[in-house]
Amino acid sequence: MFGALQRSVRIQGRRALSSTTETFIPKITERRLNEEGAGGRATNAGLKVAVFGATGFLGKHVCYQLGKNGAYAYIGNRGDEAEHRDIKPMFDLGHTRFCFYSARDVDSMRNVIGDADIVINMISKHYETHQPIQTSSFPYVGMQKNYSFEDVNVGIASQIAELCVEMQVDHLIHVSAAGLDPDHPSEWVRTKYAGEQAVREIYPWATIVRPTQLFGTEDKFLHFFANMAKMYRMIPVPKEGQSLTQPVWVVDVAKAIHRITDDPEKFAGRTLDFFGPSDYTHEELAKFVLDIAELDRPIVKLPDPAFNMMSKVLGNQELVLMNEDVAKIWSQDFLPGMTPEQYKTQEGDDKILTLEDMGITATGIEKEAFTYLHRFREAGHFGRVDGYH
């Protein structure tokens, strides 16, 4: 497997950007205001989508897909204007409504949803947020938890589903995750499982999207290996490097979610599992990233207790590369619920759909990783240009 990745790195190094053919044409591609037919970014798709989690890794890509096809978006945001300013040019002028909300203020969440046809919930965090508070005893400073995993993955998900029922929203798309287990050592995994079950109970016709590990520009997945190699001059891997993951390109997932919004009735009450074309051990991925970055660094295979201890230290650094809960996720196989062959042989209307069913060919990491990891080379790729120095 690693040999194939090495060959692909060399190919991508010569040809970093490859042209891809988009076979799916949304029915809204050419629509213009008050007209019928297909549409584009500067047209009116006649679709209003409320987006929770728009400023996240997946959320920005989903907004881009919605914007380029003329959708109107109601963007919920808990921060300041700087957090969502890069979303504005994804939509035509007048096609967005930015709403400040608090998850503890239900009326503000109602304001985000408004008269939306579809609500997309992509809210999630791999860590719990805290803030310093004054205490009465030494050292007179403590930490207060803002939002726990339970609050984010169960409480907020349930609240959004309840509001969709109350406000008679036609469709809800809830982004969960693959490989969830109520007995998993990771609290994030356990609460994501509980949140998914709660949404199914409250809003039975919700569309559940379950991607595996996401990778892409600005990810914290492949960047972990590259940053560790650059900053700490070694790459630690959990479970002796042998735990498996099957990463999926974030753009493929965003395209699939957009296609759900294009025909939401078709996917009401359905479950969709999105995963990449191949699975890898973390050791293979570490070697792959070192090959792209052209760095010679040792790969340290750690048992789970040692990796967890290291992750606790990294979780307290200014640049958080890893934390304890993510370490527990990485210590287990992060794979879809079935093999590709099992997905294909399913029968019945309740079968779990995949990217292939959406008309999307899953993109392998070897196709895209070079475009955003070559910067970790000495002088990037510019150092190879004659006369650059």
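In this predicted model, R233 sits in the loop that runs between helix 7 and strand 10 (235–237). R233 isn't a glycine, yet its phi is positive, at about 60°. With a relative accessible area of 51%, just past the 50% cut-off, R233 is exposed. The residue comes after helix 7, and that helix looks rather different in terms of cover: eight of its 10 residues are buried, so helix 7 is mostly covered. The buried set runs through L222, H223, F224, F225, A226, N227, M228 and A229. As for what does the covering, the buried residues of helix 7 pack against strand 10, helix 9, helix 10 (304–314), helix 11 (324–330) and helix 13.

On the other side of helix 7 there is another loop, the one between strand 9 (214–215) and helix 7 (222–231), and this is where E218 is placed. E218 is also a non-glycine residue with a positive phi, here about 75°. Its relative accessibility comes to 59%, which makes E218 exposed.

Helix 9 (residues 282–293), one of the partners of helix 7, tells a similar story. Nine of its 12 residues are buried, so the rest of the structure largely encloses helix 9. Those buried residues are H282, E283, L285, A286, F288, V289, L290, I292 and A293. From first C-alpha to last, helix 9 reaches 16 Å, close to the 16 Å expected for its 12 residues at 1.5 Å a residue. Once again a residue with positive phi follows the helix: E294, with a value near 55°.

Helix 8 (residues 250–262) takes burial to the limit. Here 13 of the 13 residues are buried, so this helix too is largely enclosed by the rest of the structure. Its length holds up as well: the 13 residues should span 18 Å at 1.5 Å a residue, and the end C-alpha atoms lie 19 Å apart, which agrees.

Helix 13 (residues 365–373), another partner of helix 7, contains E368. Despite being a glutamate, E368 counts as buried, because its relative accessibility is 16% and the cut-off for burial is 20%. Setting aside neighbours within four places in sequence, E368 is in contact with F215, W249 and T363. The chain also brings E368 and G216 together over a long stretch of sequence: 152 residues separate them, while their C-alpha atoms are 7.3 Å apart.

Turning to how helices pack against each other, helix 5 (residues 149–166) and helix 6 (residues 187–202) have axes 8 Å apart and meet at an angle of about 15°. Angles under 35 degrees count as roughly parallel, so helix 5 and helix 6 fall into that class. The crossing of helix 5 past helix 6 is right-handed. On the helix 5 side the contact is made by F149, E150, N153, V154, A157, S158, A161, E162 and V165, and on the helix 6 side by E187, W188, T191, K192, A194, G195, A198, V199 and I202. Sorted by class, that contact has 10 nonpolar, four polar and four charged residues. An α-helix has 3.6 residues a turn, so residues three or four places apart point the same way.

Helix 5 also meets helix 4 (residues 106–113), this time with the axes coming within 11 Å and crossing at roughly 60°. That angle makes helix 4 oblique to helix 5. As with helix 6, the handedness is right-handed: helix 4 passes helix 5 in a right-handed crossing. V106, M109, R110 and I113 from helix 4 touch I156, Q159, I160, L163 and E166 from helix 5. By class, these residues divide into six nonpolar, one polar and two charged.

One more local feature deserves a mention. The peptide bond joining F138 and P139 is cis, with omega at about 10°. P139 belongs to the loop between strand 5 (129–134) and strand 6 (141–147).

Stepping back to the whole protein, its secondary structure comes to 13 helices and 15 strands. Of its 389 residues, 50% count as buried. Among contacts between residues at least 6 apart in sequence, 73% join residues at least 24 apart. The pairing of E368 with G216, 152 residues away along the chain, gives one example of distant parts of the sequence lying 7.3 Å apart at their C-alpha atoms.

How values were computed
Residues are numbered from 1 along each chain as its sequence is written. This is a predicted model: local features need pLDDT of at least 70, side-chain atom pairs count only at pLDDT 80 or more; totals for chains, interfaces and linings use all residues. Side-chain values use heavy atoms; hydrogens and water are left out. Helices (H or I, at least four residues) and strands (E, at least two) are DSSP runs, numbered from the N terminus. The expected span of a helix is 1.5 Å times one less than its number of residues. Buried means under 20% relative accessible area, exposed over 50%, partly exposed in between (1.4 Å probe, protein chains only). Contact means heavy atoms within 4.5 Å. Axes are lines fitted to C-alpha atoms, for helices over the stretch in contact, and angles run from 0 to 180 degrees between N-to-C directions. Angles under 35 degrees count as roughly parallel, over 145 as roughly antiparallel, 65 to 115 as roughly perpendicular and the rest as oblique. A crossing is left-handed if the near helix is turned anticlockwise from the far one by less than a right angle, and right-handed if clockwise. Ala, Val, Leu, Ile, Met, Phe, Trp, Tyr, Cys and Pro count as nonpolar, Asp, Glu, Lys and Arg as charged, and the others, Gly among them, as polar.
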